[in-house]
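Work through the exercises below with the sequence and the 3D structure at hand. Try each task before reading the solution that follows it.

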Amino acid sequence: MTQPILEAKGLSRSFGHVRALTKCDFDIYPGEVVALIGDNGAGKSTLVKALTGNLALDEGEMYFQGERVHISSPQQASALGMEVVYQDLALAPHLNPVQNMFLGREKPRKGILGKLGFMDEKSMKESAVRGFAELGGTVRAMDAPIGSMSGGQRQQVAIARAISWADKVVILDEPTAALGVVQTRNVLDSIKRVKAKGIAVILISHSMPHVLEVADRVQVLRLGTRVVTLKASGTTVEQLVGAMTGALDKNGAAA
């Protein structure tokens, strides 16, 4: 197997007297889906924020494609080819799906019009439609503000945006939480398509069946530390729950 596309060693972060991360390790390879699971408060969101430059660390090292990096901002993570979809989606409610897709990445018109600040709305809309189609999305109103849409449609926009812009790592934080059965299937199928492109996918989910369906490996956090790494193939829901609660050791056996 090649070297990890993204690797973290010994990450620690405290908030006052609370230790959110304690010597936490993480690794993921190109074209791999790694599920990150753990009970509430295990440190999953804190780890993702640290990996993507949204949170400063007290200590630890990170490596991207084998080289040590210091990711200090989300913009730096994006420049490396990493995109994240948080549970709050980070969408602008007054903008439509196309504008949200290209927020901060707008395409100017060619020639003098572009210099005057006019955007190539036709090109952006065509790209957005392709992105939603690849996701199997059902976003029907391209000109309506995001704030007027259902939670499921907003989720699809956020996921399509991340998948369209990332070329190395996509991080999905509970991507199916607000979706129905059909939309959930579309997201899971999209994760498989992204993996097939050689892009690494970090999946945070409380749905153990979804984890076992799409993940190659499962890394379990407990009390801010990675305690178990398991191959998804051959692992059961009961084993995952046992690893999360401490009932199983790092080898998946009863503790």
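**Exercise 1. How many salt bridges does the count give, and where do Arg217 and Glu32 lie in the chain?**

Solution. The model is a predicted one, and a salt bridge is accepted when a side-chain nitrogen of Lys or Arg is within 4 Å of a carboxyl oxygen of Asp or Glu. By this rule the count comes to 11 salt bridges.

Next, take the pair named in the task: the side chains of Arg217 and Glu32 meet at 2.6 Å, N to O. This pair links distant parts of the chain, since Arg217 belongs to strand β9 (residues 217-222) and Glu32 to the loop between β2 and β3 (33-37), 185 residues apart.

Then apply the cut-off for buried residues, which is under 20% relative accessible area. Arg217 is buried because its value is 15%, and Glu32 is buried because its value is 6%.

**Exercise 2. Compare this with the salt bridge between Asp189 and Arg185, and find the network of salt bridges that share partners.**

Solution. Begin with the distance, which is 3.3 Å from N to O for Asp189 and Arg185. Both residues lie in helix α7, where they are 4 residues apart, about one turn of the helix. An α-helix has 3.6 residues a turn, so residues three or four places apart point the same way.

Continue with accessibility: Asp189 is partly exposed, with a relative accessible area of 26%, and Arg185 is partly exposed at 35%. As for the network, salt bridges that share partners join Asp27, Glu32, Arg217 and Arg226.

**Exercise 3. Classify both partners of the salt bridge between Arg68 and Glu61 as buried, partly exposed or exposed.**

Solution. The side chains of Arg68 and Glu61 meet at 3.4 Å, N to O. A residue is exposed over 50% relative accessible area and buried under 20%, with partly exposed in between. Arg68 is therefore exposed, at 56%, whereas Glu61, at 27%, is partly exposed.

**Exercise 4. Check whether the span of helix α6 agrees with its number of residues, and decide whether the helix is mostly covered or mostly open.**

Solution. Helix α6 runs over residues 151-165, and at 1.5 Å a residue its 15 residues should span 21 Å. The expected span is 1.5 Å times one less than the number of residues. The C-alpha atoms at the two ends are 22 Å apart, which agrees.

For the cover, note that 11 of the 15 residues are buried, so that α6 is mostly covered. Among the buried residues are Gln153, Val157, Ile159 and Arg161.

**Exercise 5. Which elements give two or more residues to the lining of the largest pocket?**

Solution. The largest pocket holds about 460 Å³ of space. Of the 19 residues that line this pocket, the closest to its centre are Pro74, Ser78, Glu83, Val84 and Arg161. The elements that give two or more residues to the lining are α2 (74-79), β6 (82-85) and α6.

**Exercise 6. Which residues form a nonpolar patch on the surface, and how is Leu113 classed?**

Solution. The patch is formed by Ile112, Leu113, Leu116 and Phe118, with about 400 Å² of accessible area together. Leu113 lies in helix α4 (residues 112-115), and Leu113 counts as partly exposed because its relative accessibility is 31%.

How values were computed
Residues numbered from 1 in each chain as written. Predicted model: local features only at pLDDT ≥ 70, side-chain atom pairs only at ≥ 80, totals over all residues. Heavy atoms only, no water. Buried < 20%, exposed > 50% of the residue type's maximum accessible area, 1.4 Å probe, protein only. Patch = residues over 30% accessible without salt bridge, like charges linked within 9 Å, V, L, I, M, F, W, Y side chains within 5 Å. Areas by Shrake-Rupley, 256 points an atom, 1.4 Å probe, with all protein chains shown as cover. 1 Å grid on protein atoms, 1.4 Å probe; cavity = no way out; pocket = protein on both sides within 12 Å on 5 of 7 lines; lining within 4 Å. Points joined across faces, edges and corners; volume = space filled by probe spheres on them.
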